[in-house]
Amino acid sequence: MNPATIDIAAVELRGFGKSYRLGWSGGLVHAVQALSLRLVPGQVLGLLGPNGSGKSTTLKALAGLLAPTTGDCRVFGRVAGSDEARELVGYLPESPRFAPHLTGREFLLYCARLSSLPGVFAAQRVGEVLAWSGLTAMAERRLGTYSKGMRQRIGLAQAILHDPALVLLDEPASGLDPQGRLDLGGLIRDLALRGKTVIFSSHLLDDAAALCDRLALLGEGRLLAAGTTAELLGSAPAPRPTPLEKLYLEKINPRD
């Protein structure tokens, strides 16, 4: 049974907290404190907040890379970090590192083996995610030659390679130009249309408001506000490109 069809929360954080000790005898740093959030399958959540607010820590905990210090962190009812939960999660870190000598296709085939995808199916699936991410024409190029936008797209392709129910993206729009941000937004919308649950962190407030069903604002490790975009923003019109962004997009995408 597809976990997205089960009548349980896709993500549930109950009193989640994560603390770190500074050195052997240093004090504790509370990266996240008493965070409670619930997200139903198929929703897109934007985690907003300044650097150090706890966004990346929360995503890493959901991905199973960090264990909670306090509270509970679950993915479709499974404890985050368990084998059952890891199978349901795709993750793109804030600053992904790629082997520059591998081609895009080679990298994704390597990721497919790590996910234990069968050989014949793996090759087919790699072709599908290359096409989905718009990288088919660049598949035989080495990753060291990829632009920032292309690296983000190959990173997103690896995150969805095993067809996860939950996709976690840490600052996916960081460093992208306006066209790259538009492309990324289209891919996130497509994931939502496919029934995936998506959580991404961002400093770009207008982009998050346009893409997300729900928003959560963090500050100093605490939840400051959460709700649907309508609840938090009212009936404000969808953001439009600024005059400079409009000119930029018109010049790089001239009409035939």
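A salt bridge is a side-chain nitrogen of Lys or Arg within 4 Å of a carboxyl oxygen of Asp or Glu. The exercises below use this cut-off on a predicted model.

**Exercise 1. Decide whether Asp 207 and Arg 181 form a salt bridge or not, and place the two residues in the fold.**

Step 1. The N to O distance between the side chains of Asp 207 and Arg 181 is 2.9 Å. The cut-off is 4 Å, and the pair is a salt bridge.

Step 2. Asp 207 belongs to helix α7 (residues 205–211) and Arg 181 to helix α6, so the bridge ties together parts 26 residues apart in sequence.

Step 3. Buried means under 20% relative accessible area and exposed over 50%, with partly exposed in between. Asp 207 has 23% and is therefore partly exposed. Arg 181, at 24%, is partly exposed.

**Exercise 2. Find which elements the bridge between Arg 14 and Asp 72 links, and which network includes the pair.**

Step 1. The side chains of Arg 14 and Asp 72 meet at 2.5 Å, N to O, in a salt bridge.

Step 2. Arg 14 sits in strand β1 (residues 11–21) and Asp 72 in strand β4 (residues 70–75); the two are 58 residues apart, and the pair links distant parts of the chain.

Step 3. Arg 14 has a relative accessibility of 44%, which means that Arg 14 counts as partly exposed.

Step 4. Through salt bridges that share partners, Arg 14, Asp 72 and Arg 74 are joined into one network.

**Exercise 3. Classify Lys 196 and Asp 163 as buried, partly exposed or exposed.**

Step 1. Lys 196 and Asp 163 form a salt bridge, with 2.5 Å between the closest N and O atoms.

Step 2. Lys 196 lies in the loop between α6 (178–193) and β8 (197–202), and Asp 163 in the loop between α5 (148–159) and β7 (166–169); they are 33 residues apart.

Step 3. The relative accessible area of Lys 196 is 12%, so Lys 196 is buried. Asp 163 has 48% and counts as partly exposed.

**Exercise 4. Check whether the radius of gyration agrees or disagrees with a compact globule, and describe the whole protein.**

Step 1. For 256 residues, a compact globule would have a radius of gyration near 18 Å; the protein has 19 Å, so the value agrees.

Step 2. The C-alpha trace spans about 55 × 50 × 45 Å along its principal axes.

Step 3. The protein contains 9 helices and 10 strands, and 43% of its 256 residues count as buried.

Step 4. The whole structure holds 8 salt bridges, among them the bridge of Asp 207 and Arg 181.

Methods. Residues numbered from 1 in each chain as written. Predicted model: local features only at pLDDT ≥ 70, side-chain atom pairs only at ≥ 80, totals over all residues. Heavy atoms only, no water. Helix = DSSP H or I, 4+ residues; strand = E, 2+ residues; numbered from the N terminus. Rg over C-alpha atoms; globule rule 2.2 N^0.38 Å. Buried < 20%, exposed > 50% of the residue type's maximum accessible area, 1.4 Å probe, protein only.
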